[in-house]
Amino acid sequence: MSNERKRKPIIGILPSLEPSNKMTKVNYGYTNGIIKHGGIPMIFTFVEDEADIKQMVDMCDAFLFVGGVDVNPALYGEEKFNDTVDWSIERDALERPVVKMAMEQDKPIMGVCRGIQIINVSLGGTLYQDLPVQNTAPNAHVHSQTVGYPEGGHNINIVKGSLFEELFGVEKTYVNTYHHQSLKDIAPGFTVGAYGEDGIVEAIYMKDRPYVFAVQWHPELIREQHDCSDKVFEHFMKCAYEKMQDR
Ligand SMILES: [Mn+2]
């Protein structure tokens, strides 16, 4: 007789950092989205030793890279574009190796906002450093809404035949938007799954690993109002269960 329940996947969350307040932070929307769909969130700390980082990675079944500040442009071979560009040395130093280790271990990865950016850069892509200045599309959106959802967001067009069309079952959906940077060159192996109507990349995934994906909007903030955002978490946890190794 056994009363052991099946183990739930442990989701390593790469948190935000507020050095001025000596705090690491994660919005409840992320942890609650994971819990709702059957995972256990575990928040990383800012250890520096690569072997220590690896030990944390080994403990997790999947990884969530959350929103926050810019990515250091030196990581994709560019100089700082202007004074609006402001990155976290600590987050870059932790998240880059975690992306690479998670890929090596073939575990699911989800990125949100800064998350899509650090995943793209860590695997060879580049960014627009200051989107309001560099987005010269005639119909350029404001990607930093100042009012709540749904008033302040923008539409995204879902790419036909993509993972996101499969998940959402729609051609277009309205998302929130709070990002200073966005994807320029897409890292090798990734496919775009959604664009803003101004052409800005709003979602990517790997065709041969559909459990590695990321979005530019903030699904954790609108899960309860926006079905597609909840489906992002649902898909992530489904992948985490499927890829979870027995141990
Ligand atoms: Mn946007």
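This passage walks through the predicted model, from its overall build to a few individual residues.

The model is a predicted one, so local features are reported only at pLDDT of at least 70 and side-chain atom pairs only at pLDDT 80 or more, while totals for chains, interfaces and linings use all residues. Residue numbers start from 1 along each chain as its sequence is written.

Taken as a whole, the protein has eight helices and 13 strands. Both kinds of element are DSSP runs numbered from the N terminus, with helices (H or I) needing at least four residues and strands (E) at least two. The C-alpha atoms fit in a box of roughly 65 × 40 × 35 Å along the principal axes. The radius of gyration is 17 Å, which agrees with the value near 18 Å for a compact globule of 247 residues; this radius is taken over C-alpha atoms, and the globule rule is 2.2 Å times the number of residues to the power 0.38. Buried residues account for 43% of the 247. Here, a residue is buried if 20 or more other C-beta atoms lie within 10 Å of its own, exposed if 12 or fewer do, and partly exposed in between, with C-beta atoms placed from the backbone. As for contacts (C-beta atoms, placed from the backbone, within 7 Å), 68% of those between residues at least 6 apart in sequence join residues at least 24 apart.

Now for the sheet. Nine strands make an open sheet with mixed pairing, in the order β4-β1-β5-β6-β13-β12-β11-β8-β9. Its edges are β4 (40–43) and β9 (172–175), and each has a single partner strand, so one side of each is left without a neighbour in the sheet. From one strand to the next, the twist averages 25°. Pairing requires that DSSP finds at least two bridges between two strands. Strand β8 (residues 154–158) and β9 have four bridges and run antiparallel, with Ile156 standing opposite Thr173 in β9.

Towards the other edge, helix α1 (residues 28–36) lies across β1, β4 and β5 (62–65), at about 145° to β4. Angles like this run from 0 to 180 degrees between N-to-C directions, using axes fitted to C-alpha atoms, for helices over the stretch in contact. Ile13 sits in strand β1 (residues 10–14) and counts as buried, because 21 other C-beta atoms lie within 10 Å. Leaving aside residues up to four places away in sequence, Ile13 touches Val26, Tyr30, Pro41, Met42, Ile43, Phe44, Leu64 and Val66. Phe65 is 52 residues away from Ile13 in sequence, yet their C-alpha atoms are 6.2 Å apart.

A few spots in the loops have backbone quirks. Tyr149 and Pro150 are joined by a cis peptide bond, with omega about 10°, and Pro150 belongs to the loop between α5 (131–134) and β8. Positive phi turns up at Asp106, about 55° although this residue is not a glycine, and at Cys113, near 55°. Asp106 lies between α3 (89–104) and β6 (109–112) and is exposed, because it has 11 C-beta neighbours inside 10 Å. Cys113 lies in the loop between β6 and α4 (114–122); with 25 such neighbours inside 10 Å, Cys113 is buried.

Finally, helix α8 (residues 227–243) has 17 residues and spans 24 Å from its first C-alpha to its last, close to the expected 24 Å. That expectation is 1.5 Å times one less than the number of residues. The buried residues of α8 include Val232, Phe233, Phe236 and Met237.

Terms used:
Contact = placed C-beta atoms within 7 Å.
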